[in-house]
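Me: Could you take a close look at one part of this model for me? I would like to hear about the salt bridges, and about how buried or exposed their partners are.

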Amino acid sequence: LIDSRSKFLVLAPVSTLEQWSAEASKWGHLRCSTYHGNRSQKKAALANVISERGDVLLTSYETFEREC
């Protein structure tokens, strides 16, 4: 069961991040932020999820391994 406070991390190949983001937007009830790009883009994506404006943080395997 998923409640409104649930957060999800999706790791995917970098070549599929745009597709994952497009699919997540079709689901409607989940707000997806993509943790990819320059430092300010990644900071904004993380802030969205932390501040309750996002439910899903989407990133690549490589970024996760390098930064987490």
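Reply: Let's start with K42 and E67, whose side chains form a salt bridge with a nitrogen-to-oxygen distance of 2.5 Å. This contact joins distant parts of the chain: K42 belongs to helix α2, while E67 belongs to helix α3, which covers residues 61-67, and the two residues are 25 apart. Please keep in mind that this is a predicted model.

How buried or exposed is each partner? K42 has a relative accessible area of 13%, so it falls under the 20% cut-off and counts as buried. E67 has a relative accessible area of 33%, which means that E67 is partly exposed. The bridge therefore pairs a buried lysine with a partly exposed glutamate.

E67 has another partner as well. Its side chain also meets that of R66 in a salt bridge, here with 3.9 Å from N to O. That distance still counts because the cut-off is 4 Å. R66 has a relative accessible area of 57%, and because this is over 50%, R66 is classed as exposed. Taken together, K42, R66 and E67 are linked in a network of salt bridges. Going through that network, you pass from buried K42 to partly exposed E67 and on to exposed R66.

The structure holds 4 salt bridges, and one of them lies between R31 and D55, where the closest N and O atoms are 3.0 Å apart. This pair, too, links distant parts of the chain: R31 sits in the loop between α1 (17-27) and β2 (32-34), D55 sits in the loop between α2 (39-50) and β3 (56-60), and 24 residues separate them. For R31 the relative accessibility is 40%, so R31 counts as partly exposed. D55, in contrast, is buried, with a relative accessible area of 6%. In this bridge, then, the aspartate is the buried partner and the arginine is partly exposed.

Since helix α2 has come up, here is one more residue from it: A47 is found in that helix. A47 is partly exposed, with a relative accessible area of 32%. Its C-alpha lies 9.3 Å from the C-alpha of S33, and the two residues are 14 apart in sequence.

Technical notes
Residues numbered from 1 in each chain as written. Predicted model: local features only at pLDDT ≥ 70, side-chain atom pairs only at ≥ 80, totals over all residues. Heavy atoms only, no water. Helix = DSSP H or I, 4+ residues; strand = E, 2+ residues; numbered from the N terminus. Buried < 20%, exposed > 50% of the residue type's maximum accessible area, 1.4 Å probe, protein only.
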